[in-house]
Amino acid sequence: MSSGAGAGAGAGAGAGSLSYDRYCAEIGEQMGQLRAALAGADLSVTVPTCPEWTLGYLARHTGGAVRWVERLVAARATEDIPEEDVPGIRGPEGDDPAALDAWLAETAGLARETLAGVSAGTPVWTWAEPRNAGFWARRMTHELAIHRADAAIAAGVAYEVAPEVAADAIDEWLEIVQFVQRTEPGDGAAELRGAGRSIHLHATDAPAGLNAEWVIEFREDGFVWRRGHEKATVALRGPLTEVLLAFYRRRGLDGGGVEVLGERGVLEFWLERASFG
């Protein structure tokens, strides 16, 4: 599975657990933190979690995705808009840090203004339901949050994300993988089946009331998931941010941030077939 320009053409997610206003605010917040992670960094370094990319390319990819979505929403698009028809999607020429930072700031401003001018239910083309602006506000929140982690890892700076955003990112990725399993039989996600196995994700530091635990249950016709605390074939435990990064394969299972209990092979089976890159 691949993130693509907008995190995976052909993937799909639901409405999400946060409000539309919160998603819109998070796009600006995540972009600001991405710019902070890039400040003073060597843009030519390889991104360990996306080894075919440099840090400069990561910034352009992420900003370009936001520009593409802004154009879709601004145009109230009824079909996909090719990248070549999106103004400024490539960013400035070269890797001048100041020019790149200014482009990212401008990108965030454009997205904020456009998304604030519509409601979550405004019809817009998407790859899956719901076909509205709310879909894109949620998708870009997590596109930015995860690629900000990539940038932080490459630049060697700390990474934190709000617990409710991290939890919703896990929800969304489970929805995306489930959608791909249903609609793309040739994808690795189609292999995530077979009764009798399950995975439990357990955040050990979540604030009260967040219910940051998940159960993924394999069945013969696919998998199902739910929030909850249940015994499983294997458990992935740790702070919520570390669980998020391990689940997205941004951190390894043996780095000390998380603990794996039970049949590790079941978790590895999932990660190999539901990777986000």
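A residue counts as buried when its relative accessible area is under 20%, and this cut-off is used in the legends below, which describe close-up views of a predicted model.

**View 1. Helix α4, from residue 133 to residue 155, and the residues at its two ends.** Of the 23 residues in α4, 21 are buried, so that under the 20% cut-off the helix is mostly covered. At 1.5 Å a residue the helix should span 33 Å, and the 32 Å between its end C-alpha atoms agrees with this. At the start of α4, a side-chain oxygen of Asn132 comes to within 3.1 Å of the backbone nitrogen of Gly134. After the helix comes Gly156, which has a positive phi, near 75 degrees.

**View 2. Asp150 of helix α4 and its surroundings.** Asp150 is buried, with a relative accessible area of 0%, and its side chain makes a polar contact of 2.6 Å with the side chain of Thr49. Not counting residues up to four places away in sequence, Asp150 touches Val47, Thr49, Cys50, Leu58 and Arg250. Cys50, which lies in strand β2 (residues 50-54), is 100 residues from Asp150 along the chain, yet the C-alpha atoms of the two are separated by 7.4 Å. Cys50 is itself buried, at a relative accessible area of 7%, and, leaving aside neighbours within four places in sequence, Cys50 is in contact with Asp150 and Arg250.

**View 3. Thr62 in helix α2, which runs from residue 55 to residue 74.** The relative accessible area of Thr62 is 0%, and the residue is therefore buried. Apart from residues up to four places away in sequence, Thr62 touches Leu34, Leu144 and His147.

**View 4. Aromatic rings, including the pair of Phe247 and Trp270.** The structure holds 12 aromatic pairs, and one of them is the stacked pair of Phe247 and Trp270, with 5.8 Å from centre to centre and 15 degrees between the planes. Because Phe247 belongs to helix α6 (residues 240-247) and Trp270 to helix α7 (residues 264-273), the pair ties together parts that are 23 residues apart in sequence. Both partners are buried, Phe247 with a relative accessible area of 1% and Trp270 with 0%. Elsewhere, Trp68, Trp125, Trp127, Phe135 and Trp136 form one aromatic cluster.

**View 5. Arg197 and the rings of Phe218 and Phe269.** The charged end of Arg197 sits over the ring of Phe218, at 5.0 Å from the ring centre. Arg197 also lies over the face of Phe269, where the distance to the ring centre is 4.6 Å.

**View 6. Backbone details at Pro130, Asn211 and Arg249.** Most residues other than glycine have a negative phi, and most peptide bonds are trans. The peptide bond that joins Glu129 and Pro130, however, is cis, with omega at about -5 degrees, and Pro130 is placed in the loop between α3 (97-116) and α4. Asn211 has a positive phi, near 55 degrees; this residue is in the loop between β3 (198-203) and β4 (213-219) and counts as partly exposed, at 41% relative accessibility. Arg249 likewise has a positive phi, near 60 degrees; its place is in the loop between α6 and β7 (259-262), and with a relative accessible area of 42% Arg249 is partly exposed.

Key
Residues are numbered from 1 along each chain as its sequence is written. This is a predicted model: local features need pLDDT of at least 70, side-chain atom pairs count only at pLDDT 80 or more; totals for chains, interfaces and linings use all residues. Side-chain values use heavy atoms; hydrogens and water are left out. Helices (H or I, at least four residues) and strands (E, at least two) are DSSP runs, numbered from the N terminus. The expected span of a helix is 1.5 Å times one less than its number of residues. Buried means under 20% relative accessible area, exposed over 50%, partly exposed in between (1.4 Å probe, protein chains only). A polar contact is a pair of N or O atoms within 3.5 Å; within protein, one must be able to donate a hydrogen and the other to accept it, and residues adjacent in sequence count only if both atoms are side-chain atoms. Rings of Phe, Tyr and Trp (its six-membered ring) pair if their centres lie within 6.5 Å; planes under 30 degrees apart count as stacked, over 60 as edge-to-face and the rest as tilted. A charge sits over a ring if NZ of Lys or CZ of Arg is within 6 Å of the ring centre and within 35 degrees of the ring normal. Contact means heavy atoms within 4.5 Å.
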